[in-house]
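Colleague: Could you take me through one part of this model slowly, namely the open sheet and what packs on it, after a word on the chain as a whole?

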Amino acid sequence: MSLDFATWSCPLPLRDYPNIVIGHGGGGKLTAELIQHLFAPAFDDEALRPPGDAAILSFDGARLAVSTDSFVVRPLFFPGGSIGELAVNGTVNDLAMMGARPLYLTAGFIVEEGLPLAQLGAIVARMAAAARAVGARVVAGDTEVVDKGHGDGVFINTTGIGLIPDGVRIGPDRARPGDCVLVNGSIGDHGMAIMSVREGLEFEATITSDTAPLCDLVAAMLAAAPDAIHTLRDPTRGGLAAALNEIAAASRVGIQIDERALPVNPAVQAACDLLGMDPLYVANEGKLVAFVAPEAAEAILARMRAHPLGRQAAMIGQVVEQPAGVVAARTAIGGTRVIPMPLGEQLPRIC
């Protein structure tokens, strides 16, 4: 495929990167540019607009959510999980962010020569348990083996199909001025857990990944007020900052959050302070951000806090009309700072 860089609109970070860099997979500006200027035009399809966690397809009167995701985390096992349950939970959560219940999964494995069979067996066992836990069936798969030195043990791709209940209308472009912004718990746990084991860092308290399936939590939220949930997003790569910027752009609204309301695990905050990182940009794997109608926010928040995965749920901000596409935060000292879209990824290969 030949690329016509001259027709791309400014800003053009890819002009500075004629070759793919790690940041193109980081969920930030570089990823968005790659999708907007390369993949989306090539695969031009109505289902790809607007870009969400999953495509919505209609079939015989039913609405299906379809999502695919690849997992290249290193190390393969980490505090709180492994690449196995991560590969299932990640795709299940992409379906859940459209309000869908997961039904079927496929699994593709790219295995590096030399990987101990016992490790692969443990990973697959965890995948199977994670799928059974949400009532999803793994119905197809593929296995490829690459030469030693051409992979980090195993890469996994999962594709999921879920059913969206009647009446549920959730999308990245549906956030409205006045909506309340909710999160279901502390941010940054997964990224810091990976960082600690990969780099051999020791903190005062062990930080564990938050990987978890969010479909039951979403179902509980929908039961509280099905018409009031406008947008859901799981803030994985690029963290909460990237998710908020994507929604602000897709819905053409502004978003204001209060930093003092953000739930952050003290150990994660301490690790971020030590490493000079902002927890807003650190990846999560068991968290969601919800944009809900203000009159139903308290009821939905109460339902979230009654769920095991939402005990630390908090209201962190509000949607405003202007400036459209901009995310801003009120700081602890009363100031305001813009939360920009990250360019690439602070921590490569974490999900």
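Modeller: A compact globule of 351 residues would have a radius of gyration near 20 Å, and the chain has 20 Å, so the two values agree. Please keep in mind that this is a predicted model. Along the principal axes, the C-alpha atoms of the chain fill a box of roughly 55 × 50 × 50 Å, and the chain contains 8 helices and 14 strands.

Now to the sheet itself. It is an open sheet formed by 5 strands, which follow one another in the order 1-2-7-5-6, and their pairing is mixed. At its edges stand strand 1 (55-59) and strand 6 (137-146), each of which pairs on one side only. If direction is ignored, neighbouring strands of this sheet are turned by 20° against each other on average.

Look next at strand 5 (residues 101-112) and strand 6, which run parallel and are joined by 9 bridges. To find your way along this pair, you can use Phe109, which stands opposite Thr143 in strand 6. Helix 3 (residues 117-133) packs on the sheet, where it touches strand 5, strand 6 and strand 7 (154-164), and the direction of helix 3 makes about 170° with that of strand 5.

The loops that follow two of the sheet's strands also deserve a careful look. In the loop between strand 1 and strand 2 you will find Asp60, whose phi is near 55°, a positive value in a residue other than glycine. Further on, the loop between strand 2 (62-71) and strand 3 (77-78) holds Pro75, and the peptide bond that joins Arg74 and Pro75 is cis, with omega at about 5°. A cis peptide bond is also found from Gln322 to Pro323, with omega near -5°, and Pro323 lies in the loop between strand 12 (314-320) and strand 13 (327-330).

Finally, beside this account of a helix on a sheet, it is useful to set a pair of helices. Helix 4 (residues 189-198) and helix 7 (residues 266-275) pack at an angle of about 60°, with their axes 10 Å apart, and these two helices are therefore oblique to each other. Helix 4 passes helix 7 in a left-handed crossing. On the side of helix 4 the contact is made by Asp189, Met192 and Met195, and on the side of helix 7 by Val268, Ala271, Cys272 and Leu275. Sorted by class, this contact of helix 4 with helix 7 has 6 nonpolar, no polar and 1 charged residues.

Conventions:
Residues numbered from 1 in each chain as written. Predicted model: local features only at pLDDT ≥ 70, side-chain atom pairs only at ≥ 80, totals over all residues. Heavy atoms only, no water. Axes fitted to C-alpha atoms, helices over the stretch in contact; angles between N-to-C directions. Helix = DSSP H or I, 4+ residues; strand = E, 2+ residues; numbered from the N terminus. Parallel < 35°, antiparallel > 145°, perpendicular 65-115°, else oblique. Left-handed = near helix turned anticlockwise from the far one by under 90°. Contact = heavy atoms within 4.5 Å. Nonpolar A, V, L, I, M, F, W, Y, C, P; charged D, E, K, R; others polar. Pairing = 2+ DSSP bridges. Rg over C-alpha atoms; globule rule 2.2 N^0.38 Å.
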